[in-house]
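Welcome! Take a moment to look over the sequence and the 3D picture, and then let us walk through them together.

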Amino acid sequence: MTERKPAGVSFESWVDKQIRESEQRGDFAQLPGFGKPLEGLDRPYDEAWWIKAKMQREGMSVLPPSLALRKEAEDTLAAVPGTRTEAEVRRMLNEVNEKITEAVRRPPQGPPLNLKPFDIEVQVEEWRAARRST
């Protein structure tokens, strides 16, 4: 537990004493990232750096829903060639198709969606052809 500042001792000297004692005990040497350079020192200062870092750690997006769906569809297509089974390819494409179909029915906020559901049979055939050629 942290001890209280004694009366009559200046705040600065009390804090300095606490830090010095912690350093002597080696408390700071066990912290994650000890001895490593700080990230982002080479980048220009951004007032919202901590917000952006938190959003990245939490996997949050700042894209409007329509653009987020476009990105998800693009990422899914990019992931198809590395998929092991046809069933997995179909599952991935079906999930995205459901979202696209819903977005076509009720357009999300943001720029136009400009997407239509994937033709799963065409995509599966392309996946098969790519597997045969390797």
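## A salt bridge to begin with

E125 and R132 are joined by a salt bridge, in which the closest N and O atoms are 3.2 Å apart. Keep in mind, as you look, that this is a predicted model. How open to the surroundings are these two residues? R132 counts as exposed, because its relative accessibility is 58% and the cut-off for exposed is over 50%. E125 is partly exposed, with a relative accessible area of 36%.

E125 also meets the side chain of R128 in a salt bridge, this one with 3.3 Å from N to O. R128 and E125 both sit in helix α5, where 3 residues, or about one turn of the helix, separate them. An α-helix has 3.6 residues a turn, so residues three or four places apart point the same way. Like E125, R128 is partly exposed: R128 has a relative accessibility of 30%, and E125 has 36%.

## A wider network

Which residues belong to the salt-bridge network around E125? The linked residues are E86, R90, E121, E125, R128 and R132. Within this network, R90 and E86 form a salt bridge whose closest N and O atoms are 3.0 Å apart. R90 and E86 are 4 residues apart in helix α4, so about one helical turn separates them.

Both ends of that bridge are partly exposed: R90 has 23% relative accessibility, and E86 has 23% as well. Partly exposed covers the range between buried, under 20%, and exposed, over 50%, so 23% falls inside it. Now step back to the whole model: how many salt bridges does it hold? The count comes to 15.

## The nonpolar core

Next, look inside. The largest nonpolar core contains 14 residues, and V80, V89, L93, I100 and F118 are those with the most contacts inside it. Three helices each supply at least two residues of this core: α3 (65–79), α4 (86–105) and α5 (120–133). Which of them gives the most? That is α4, with 6 residues.

L93 is a good residue to click on here. Leaving aside neighbours within four places in sequence, L93 is in contact with T76, L77, V80, F118, I120 and Q123. V80 and F118 are, like L93, among the core residues with the most contacts inside the core.

## A threonine in helix α3

One of the partners of L93 is T76, which lies in helix α3. Is T76 buried or exposed? T76 is buried, because its relative accessible area is 11% and the cut-off for buried is under 20%.

Not counting residues up to four places away in sequence, T76 touches M92, L93 and V96. The side chain of T76 has another partner too: one of its polar atoms lies 2.8 Å from the backbone oxygen of E72.

## Helix α1 and the loop after it

Now move towards the start of the chain. S22 has its place in helix α1 (residues 11–25). S22 is buried, since its relative accessible area of 14% is under 20%. What does S22 touch, apart from residues up to four places away in sequence? The partners are D27 and F28.

F28 turns up again as a partner of F34. F34 is found in the loop between α1 and α2, and, with neighbours within four places in sequence left aside, F34 is in contact with F28 and A29. While S22 is buried at 14%, F34 counts as exposed at 56% relative accessibility.

## Helix α2 and its surface patch

Why does helix α2 (residues 49–58) lie largely in the open? Of its 10 residues, the number buried is 1, so the helix is left largely in the open. After α2 comes G59, whose phi is positive, near 70°.

There is also a nonpolar surface patch to find. Y45, W49, W50 and I51 make this patch, which covers about 540 Å². I51 has its place in helix α2, and I51 counts as partly exposed, with 36% relative accessibility.

Conventions. Residues are numbered from 1 along each chain as its sequence is written. This is a predicted model: local features need pLDDT of at least 70, side-chain atom pairs count only at pLDDT 80 or more; totals for chains, interfaces and linings use all residues. Side-chain values use heavy atoms; hydrogens and water are left out. A nonpolar core is a set of buried Ala, Val, Leu, Ile, Met, Phe, Trp, Tyr and Cys residues joined through side-chain atoms within 4.5 Å. Buried means under 20% relative accessible area, exposed over 50%, partly exposed in between (1.4 Å probe, protein chains only). Contact means heavy atoms within 4.5 Å. A salt bridge is a side-chain nitrogen of Lys or Arg within 4 Å of a carboxyl oxygen of Asp or Glu. Patches are made of residues with over 30% relative accessible area and no salt bridge: like charges are joined within 9 Å, nonpolar side chains (Val, Leu, Ile, Met, Phe, Trp, Tyr) within 5 Å. Accessible areas come from the Shrake-Rupley method with a 1.4 Å probe; for residues, only the protein chains shown count as cover. A polar contact is a pair of N or O atoms within 3.5 Å; within protein, one must be able to donate a hydrogen and the other to accept it, and residues adjacent in sequence count only if both atoms are side-chain atoms.
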